[in-house]
Amino acid sequence: MSKYQAVIGIECHVELKTRSKMFCGCPNEFGGEPNTKVCPVCLALPGALPVANKAAIEHMILAGLAFGADIPAFSKFDRKNYFYPDMPKDYQISQFDMPLTQGGSVRYWLEDGTMKECRLTRIHLEEDTGKSTHAGSGDGRIAGSTYSLVDFNRAGVPLMECVSEPEIHNAQEAVGYLEALRRTLLQLGVSDVKMEEGSLRCDANVSIRLVGASELGTKTEIKNMNSFRSVHRAIESEIERQIALVEAGERIVQETRGWDEVNGTTISMRSKEQAHDYRYFPDPDLVPIEVSRETVERLRATLPELPLARFERYTGTFGLDVKQATQLIDNAPLADFFDAVVAASKNPKQATNFVLGDLSRLANESETPVHEALVVAEHVAELIALVDGKTINSKIAKDLLIRMWNGDGSPKTIVEREGLAQTSDPAAVEKFVDDVLAVNAKSVADYKGGKTNVMGFLVGQVMKASQGKADPALVNTVMKQKLEN
Amino acid sequence: MHSLKINGSSPTLSTEKIDVRYVAKLARLALTDDEVERFGAQLGDLLEHVDALAKLDVSHVAATAQVVESRNVEREDVVRPSLDRETVLDGAPKRQGVFFRVPRIIAE
Amino acid sequence: MSIIERSAAQIARDVNARTASAREVTDAVLAHVAAIDGEVGSYLTVLNDRAREVAADVDARVAAGESLPLAGVPLAVKDNMCLRGTRTTAGSKILEHWQAPYTATAVQRLLDSGCVPIGKANMDEFAMGSSCENSALGVTKNPYDLTRVPGGSSGGSAASVAAFEAAIGMGSDTGGSIREPAAFCNLVGFKPTYGRVSRYGLIAFASSLDQIGPLTRTVQDAALAYDAMGGYDPMDSTSIDRPFEPTASALRTDLRGVKVGIVREFAAGALGEAIDAVYKKAYADLEALGAELVEVGLPTAEYGLATYYLIAPAECSSNLARFDGVRYGLRVDAPDVHDMYEKTRAAGFGPEVKRRILIGTYALSSGYYDAYYVRAQKARTLIARDFNLAFEKCDLIAAPAASSPAFQFNSKSDPYSMYLMDYYTIPMSLAGLPALSVPCGWVTPPGGDRPMPMGLQLTAPIFAEKALLSAAHAYEQATKHASKHRPAIDGVAGHV
């Protein structure tokens, strides 16, 4: 592998989350009875005409801005002409030479925290096709089928096509790229990006070359990857396959290959590459889109803090590790809660402990997300202050957390009301210790006899006697001192 | 017949014969040999007339995008009623249950 | 005057005033259709039941106090316009049995105004043709001489109005398909500015050129029809969102102060003595009405045909791709889908349609796109520019609507000779301008035995429909050419 470098480009299709389809008012929703979400427009009946969905256009621009793309002032729709049964018009309304966004890049992180960047060739807006299921071949595959059944519910759903430059070099990077893309689009609210529902689909172009070579090798297009795991496996498998061929002196055929999940390999989907002549021309049923600077700035102002910025803030400023940062980023409400606790307590470390530790555990147990529970961020911050100021010890803190989870309110109030403040007065602690040692002569003797672990029991007794309020660290110190004498 | 003349004496755009079979394939039109011959001649004839356009100086001209200038015609993202499924499938040349049925698709 | 020969304006007045009922008018027209349409062939589908239902509804609305601009007016709908629940064929075998599940906006607006749909009118297949001979489903004859064509592609709509089988015919015009049949059939045929009438529900031929418009026996009727059908439609992205100026009440009777451009490149001498004389007289008549004639140039007009016969086929090759046997229409079965497409389309499309699909596909194909399609779109810009320059010197342009009167069946076997019929009308379509044909005289064609009508084409700048219709009205009222001869249907079997 070190002799070769893999060169990978990823092409994604993302279904935009709008209420209605791209060019008509049919509902844009996953599932439902076949052929019930169609109208003259998306079914391409004679005489029907398209009218562009404003929300889809704005979603696109927002996505472009999130990836640092340029938004040209002028854009248009073109017809991409080819025949296929799930394409009602036998042309697809797409964008050819003047897409809504140009350039941009996806910055992403790997599991070890390394930051990477992959530039985008383009992002453009188009419409989705219907869906065919193939029958007669016994396994639902198109090869060997005798007929197909078509459902046009999906035809006309707004689709964002996102093409990356071939700047990815292994399967990990490919998945990292996809994760970053997915997280960003999810956070923007422009798509559900669920591979299992088809709102995120991707293909990979894979080629290899000798390390140091400048020319690209012959590429193959890998399709039919239905999860990030598949993407990972498929890319690794294809790289291996290509290396084996080259090592054996054979040449790579430029073709489309489908990932076979069951057998863990890619399979050739066609024997010769047929270049399509799509006969692109500007769609005369639609008018050009002029994006004003005001519109761009208005949309830019609505951009939230994006996953990458959040990642850098969490791992950089707050010192979280990659896993912790990722956990928060993938759970926006939790991350928001976390941010609120940090802001109020100014203590990221403790915030991490409580939010990702105790609170997340409570959330799992009660099956209630943190932000929907009765516990409030400001109160968690209060709790942190009480612990930092040594007003209460960690055991009391844990108890308080549970009570806060159940809606008991401000920890500060509880502590004052119930007198839970930690006893840190040395004299008081000393008295407790003396009392306990006085009635536990046997243990003292055991300790002096070498059983040092007896101290744990004795400390526990002091905590009990003090109703848990004694400062454990102080107890330990005093206890040890007394025992050693 | 009147004497309207389209000037065709200057360099032509099309010097090659049209590959009618290839174009017919792109357009998914099955043609008989006779049609390939006949259409080939008729299209060649038309293209000769069309070659008059080669004379026009269009070097400083923009292609007409639309006849009447218009921009940003969009609709609000609102759901409107779809067609009733039975109506939709009624017109289908071949249906199977709630689907449109087509002969096998050989991947292209 | 028999009820069926009344103008749309008169019928609407009568029905609104309740001196006639929509039902009466409809029954009379349907009886007339039954008597003569077997010979004339205007309609592919006669909507007997539907017409009577709608008529009853119109009468009810009028009785309830509504005043409908086109109350009870019998309407012919060109068969490339969807009307829910009717067979809509575009004159093609590929849609021979297709029922439209929705109604075109323009049609709906006329129905809302009180029109009664009499039938779906015959046409050249997918609007490709200038004689109606390209229809795959029927033959329509010119009511003024049944051995001659009615013109096309809106031949059926023209014949129906000329033969009193309707008072308004809905036509569509892409390169002359309203204006030329109007000229051939002694009618007014009006193509509005591109975008003024919604295309939603009009089976597309060439998207950037298609426009719906009326064919009528008088200019006033055309104005009334346009006022009812025109205006912005949110279902059509190319529909103009601009205040709509009604035209029917602004018709003038003279042309004082109007400058009329006579096109240098369309000068007399090209069309033969008899025809030239008709146009010369027409221009003189305009002058007599007070117009000032000025010479204008349209130097790129001669490139109109070449430009049109690249752009229109290119767009139609893409628009007609949807006729693939999958979701509706004809299907010819085959074991695999691409084979099915090829066989279906081969069986379903006629030769003219195939020719245009082929040339259009070729013009868009890789390697030829810039040389053909883009170049044609640039030529189009030049043609539009020529008109703009011409309109700096005049308010209207006058020209022939066609290069000859209606010709005999099967007399134009060479496709290109048929394309030449659109020579005078194509440039206006390319520029998107409002244009109409109004009857301007009669000529007995060589070998013919009776006078045939001719049309004067008037063109105005974009959005100047009001001025255009107004001027046409003035000319019509002063010359009354249309009333000089009757259609030759009086002897047709069964007609009384």
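This is a short tour of a predicted model, with a suggestion at each stop of what to select.

Before you start, note that local features need pLDDT of at least 70 and side-chain atom pairs count only at pLDDT 80 or more, while totals for chains, interfaces and linings use all residues. Residues are numbered from 1 along each chain as its sequence is written, and chains are lettered from A and ligands numbered from 1 in the order in which they are written.

**Stop 1: the domains of chain A**

Colour chain A by its three parts: domain 1 (4–295), domain 2 (331–418) and domain 3 (426–484). The bounds come from an automatic or database domain assignment. Taken over C-alpha atoms, the centres of domain 1 and domain 3 of chain A are 68 Å apart.

**Stop 2: strands β1, β12 and β13 of chain A**

Helices and strands here are DSSP runs, numbered from the N terminus: H or I over at least four residues for a helix, E over at least two for a strand. Two strands count as paired if DSSP finds at least two bridges between them.

Select residues 4–15 and 200–210 of chain A. These are β1(A) and β12(A), antiparallel strands joined by 11 bridges. To find one of the rungs, label Val14(A), whose bridge partner in β12(A) is Leu200(A). Now add residues 220–223, which form β13(A); this strand pairs with β12(A) in the antiparallel sense over three bridges. Here Val206(A) stands opposite Thr220(A).

**Stop 3: the nonpolar cores**

A nonpolar core is a set of buried Ala, Val, Leu, Ile, Met, Phe, Trp, Tyr and Cys residues joined through C-beta atoms within 7 Å. Buried means that 20 or more other C-beta atoms lie within 10 Å of the residue's own, with C-beta atoms placed from the backbone.

Which residues touch the most other members of the largest core? Select Ala174(A), Val73(C) and Leu75(C), which do so in a core of 318 residues. Domain 1 and domain 2 of chain A both contribute residues, so this core lies between them.

Centre on Ala174(A) and show its surroundings. Leaving out residues up to four places away in sequence, Ala174(A) touches Ile8(A), Ile10(A), Ile168(A), Ala204(A), Val231(A) and Ile235(A). A second, separate core has 11 residues, including Phe432(A), Leu458(A), Ala470(A) and Val475(A).

**Stop 4: helix α7 of chain A**

Next, select residues 332–345 of chain A. The 14 residues of α7(A) should span 20 Å at 1.5 Å a residue (the expected span is 1.5 Å times one less than the number of residues). The end C-alpha atoms of α7(A) are 20 Å apart, which agrees.

Show the side chains of Leu334(A), Ala335(A), Phe337(A), Phe338(A), Asp339(A), Val341(A), Val342(A) and Ser345(A), which are buried in this helix. The buried residues of α7(A) pack against α5 (307–317), α6 (322–329), α8 (348–366) and α9 (377–388) of chain A. Just after the helix comes Lys346(A), with a positive phi near 55°.

**Stop 5: chain B and a sheet shared with chain A**

Switch to chain B, which has three helices and three strands in the pattern α-α-β-α-β-β along the sequence. Of its 108 residues, 24% count as buried.

Show the strands of chains A and B together and look for an open sheet of four strands, in the order β9(A)-β10(A)-β3(B)-β2(B), with antiparallel pairing. Which strands sit at the edges? They are β9(A) (131–135) and β2(B) (95–96), each pairing on one side only.

Where the chains meet, β10(A) (residues 147–151) and β3(B) pair over four bridges, and Val150(A) has Phe100(B) as its bridge partner. Within chain B, two bridges join β2(B) to β3(B), residues 99–103; Gln96(B) partners Phe99(B).

**Stop 6: the two interfaces of chain B**

Residues are in contact if their C-beta atoms, placed from the backbone, lie within 7 Å. By that count, 31 residues of chain B meet 40 residues of chain A. On the chain B side, β3(B) gives the most, with five residues.

Finally, turn to chain C, where 67 residues are in contact with 48 residues of chain B. Select α12(C) (370–390): this helix supplies the largest share of the chain C side, 12 residues.

Notes:
A residue is buried if 20 or more other C-beta atoms lie within 10 Å of its own, exposed if 12 or fewer, and partly exposed in between; C-beta atoms are placed from the backbone.
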